[in-house]
Amino acid sequence: MNEALTKLTQAGFKAVVGLEVHVQLNTESKIFSSDPNSADALPNEHISAISLGHPGTLPVLNREVVKKAVLMGLACHCEITQINHFARKSYFYPDLPKGYQTTQDKTPICQGGFVEIIGKDLSQTQVALDHIHMEEDAGKSVHDEGDATLIDLNRAGSPLIEIVTKPVIQGPEEAAAFLQEIRRIVRYLGISEANMEKGEFRCDANISIMPETASKLGSKVEIKNMNSFNHVRRAISFELERQLGLLKKGKEIIVETRTFDPGTGTTASMRMKETLNDYRYFPCPDLAPLVIESAFVESLKGEMASTPAEVRKEFEEVYQLTDYDTALLTEEKETAIYFKALCEKVGKPKSAANWVNGTIKSLMNDRNVGISDLGISSDRLGELINLTESKKISQKVAVHHVLPKMLESELSAFDIAKEDDLLVVEDDSFVDDMIDEVLHLLPKEVEAYKAGKKKLFGLFMGEVMKKSRGKANPSVLKEKLNKKLNQ
């Protein structure tokens with residue numbers, strides 16, 4: 001268990017965490033204007049009178065934003081709101097041009113629902129949602145230019161969905177697991193790249209503690225704008241310990257907004273927490289109510305991709321894989337698709353999983369590419385795996401010789417093995433001759449083996465395989481070598 005949670009439990013308290021996750025949608029244009037919705041631009045290049053909030057301009061809702069928000073709601077088992085209204089949320093940020101944010105208040109587009117989570121040391125497998133709503137993003141303040149703060153408004157007006165959980169998350173690991181699943185879902189649906197480094201996926205955490213026997217929630221502290229799973233874990237852990245320390249000293253927990261410093265692993269006060277009255281919500285006079293017809297929702301159900309949870313269930317039931325293998329194979333959508341295609345070529349899903357999660361994963365990491373950019377199709381890899389499964393080539397030869405050549409050329413695994421004389425030789429005399437040569441060169445080791453040092457058997461196996469350049473059939477070799485040594 002997390003150290004902070006252990007301390008809470010020992011003191012008779014429990015953690016209560018709610019998350020607000022902001023996901024930037026990958027539409028071509030912004031939510032209320034035709035400005036390009038792209039981070040790849042010079043500062044303040046993708047702006048217009050609408051995104052700058054000039055007087056007299058009127059917003060127009062982007063249909064694709066609605067579509068992607070509904071898809072997210074369906075994936076999270078939400079109820080889709082039929083009649084939607086937009087509101088103005090007033091607050092001051094230097095990078096919020098209009099002085100208010102156009103968002104949803106009383107009628108979020110998606111209500112209720114839940115998200116399935118996976119991982120170790122979790123006390124629940126589902127996290128209940130309160131709602132999902134649409135809104136526009138603010139711009140970006142850049143603080144790394146000496147004493148000045150620069151404002152880039154390219155992001156102002158970019159479409160966001162905000163996923164708000166109920167206060168049911170019970171610790172740092174569950175919070176991280178929830179965020180990881182949300183990122184998987186939006187990537188599987190194709191509605192966001194959710195690149196945390198670019199600010200496309202951000203999280204606010206509302207954290208409180210309460211006695212385990214109490215029914216009333218404790219005072220809530222909000223940690224703003226975290227863009228790393230590890231930062232979320234560390235921030236929640238620190239805040240839980242900080243709040244417990246205050247209560248032990250008889251001090252009050254102040255309801256406030258705090259910021260997390262990754263360098264020190266601590267949180268610091270930013271401002272007193274705003275209330276709903278501070279935001280002065282009121283209906284947006286420039287946007288008509290949005291009516292979502294059931295036929296529109298049904299059409300999206302028919303075209304939406306499978307969710308990560310559905311794919312995990314399929315892998316466990318159809319391919320009989322372990323939770324560990326399944327989690328690795330379904331982390332990225334392209335890997336899951338690749339694996340399914342690979343299993344159509346390979347008769348043993350476990351062997352295919354071992355290859356993808358082992359050798360292929362290592363190559364992807366080394367080259368920093370996804371599986372579709374690695375340069376070997378599922379059909380070609382399937383042929384290589386089948387060669388090893390049928391004992392036509394050894395695993396070592398396949399990994400260290402054939403696969404590298406396949407990545408450099410379009411030759412098949414069989415052609416490479418044949419051309420380089422790497423196919424396993426079934427001729428008994430070939431194996432016998434190799435064994436005799438190796439044992440003749442290692443007389444002391446042979447005597448030691450016969451005297452009881454049975455671990456030397458691996459040495460003999462390795463030397464014969466090396467001498468045969470991997471062409472000896474391992475099972476045949478093992479049988480013959482064992483017989484030879486025990487004569």
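## Cores, helix packing and long-range contacts

The largest nonpolar core has 70 residues, and Leu19, Val70, Met72, Ile163 and Phe178 are those with the most contacts inside it. Apart from it lies another core, this one of 38 residues, including Val311, Met364, Leu384 and Val397. Please keep in mind that this is a predicted model. Below is a friendly tour of the cores, two helix pairs, two long-range pairings and two backbone details.

**Inside the largest core**

- In soluble globular proteins, nonpolar side chains tend to be buried together.
- Leu19 is a good place to start: not counting residues up to four places away in sequence, Leu19 touches Ile163, Val164, Thr165, Ile169, Ala175, Phe178, Leu179, Cys203, Asp204 and Ala205.
- Two of these partners, Ile163 and Phe178, are also listed with Leu19 among the residues that have the most contacts inside the core.

**Helix H3 against helix H4**

- Helix H3 spans residues 172-189 and helix H4 spans residues 229-248; their axes come within 8 Å and cross at roughly 155 degrees.
- Angles over 145 degrees count as roughly antiparallel, and H3 and H4 are therefore roughly antiparallel to each other.
- The crossing of H3 past H4 is right-handed.
- On the H3 side, the contact is made by Pro172, Glu173, Ala175, Ala176, Leu179, Gln180 and Arg183, while H4 brings Phe229, Val232, Arg233, Ile236, Ser237 and Leu240.
- Sorted by class, the contact of H3 with H4 has eight nonpolar, two polar and three charged residues.
- Ala175 and Leu179 of H3 take part in this contact, and both are also touched by Leu19.

**Helix H2 against helix H3**

- Helix H2 (residues 63-75) packs with H3 at an angle of about 125 degrees, and the two axes are 10 Å apart.
- That angle makes H2 oblique to H3.
- H2 passes H3 in a right-handed crossing.
- From H2, Leu71, Met72 and Ala75 meet Ile182, Ile185, Val186 and Leu189 of H3.
- What classes of residue make up the contact of H2 with H3? There are seven nonpolar residues, with no polar and no charged ones.
- Met72 of H2 belongs to this contact and is one of the residues with the most contacts inside the largest core.

**Pairings across the sequence**

- Lys67 lies in helix H2 and is partly exposed, with a relative accessible area of 24%.
- The C-alpha atoms of Lys67 and Val297 are separated by 8.6 Å, although the two residues are 230 apart along the chain.
- Leaving aside its neighbours within four places in sequence, Lys67 is in contact with Phe296, Leu300 and Glu303.
- Pro59 sits in the loop between strand S1 (13-24) and H2.
- Is Pro59 buried or exposed? Pro59 is buried, because its relative accessible area is 19% and buried means under 20%.
- Pro59 and Leu287 are 228 residues apart in sequence but 7.0 Å apart in space, C-alpha to C-alpha.
- Not counting residues up to four places away in sequence, Pro59 touches Phe32, Ile50, Asp286 and Leu287.

**Positive phi outside glycine**

- Asn44 has a positive phi of about 60 degrees although it is not a glycine.
- Like Pro59, Asn44 lies in the loop between S1 and H2, and Asn44 is partly exposed at a relative accessible area of 29%.
- Asp121 is not a glycine either, yet has a positive phi of about 55 degrees.
- Asp121 is found in the loop between strand S7 (114-116) and strand S8 (126-136), and with 67% relative accessibility Asp121 counts as exposed.

Methods
Residues are numbered from 1 along each chain as its sequence is written. This is a predicted model: local features need pLDDT of at least 70, side-chain atom pairs count only at pLDDT 80 or more; totals for chains, interfaces and linings use all residues. Side-chain values use heavy atoms; hydrogens and water are left out. Axes are lines fitted to C-alpha atoms, for helices over the stretch in contact, and angles run from 0 to 180 degrees between N-to-C directions. Helices (H or I, at least four residues) and strands (E, at least two) are DSSP runs, numbered from the N terminus. Angles under 35 degrees count as roughly parallel, over 145 as roughly antiparallel, 65 to 115 as roughly perpendicular and the rest as oblique. A crossing is left-handed if the near helix is turned anticlockwise from the far one by less than a right angle, and right-handed if clockwise. Contact means heavy atoms within 4.5 Å. Ala, Val, Leu, Ile, Met, Phe, Trp, Tyr, Cys and Pro count as nonpolar, Asp, Glu, Lys and Arg as charged, and the others, Gly among them, as polar. A nonpolar core is a set of buried Ala, Val, Leu, Ile, Met, Phe, Trp, Tyr and Cys residues joined through side-chain atoms within 4.5 Å. Buried means under 20% relative accessible area, exposed over 50%, partly exposed in between (1.4 Å probe, protein chains only).
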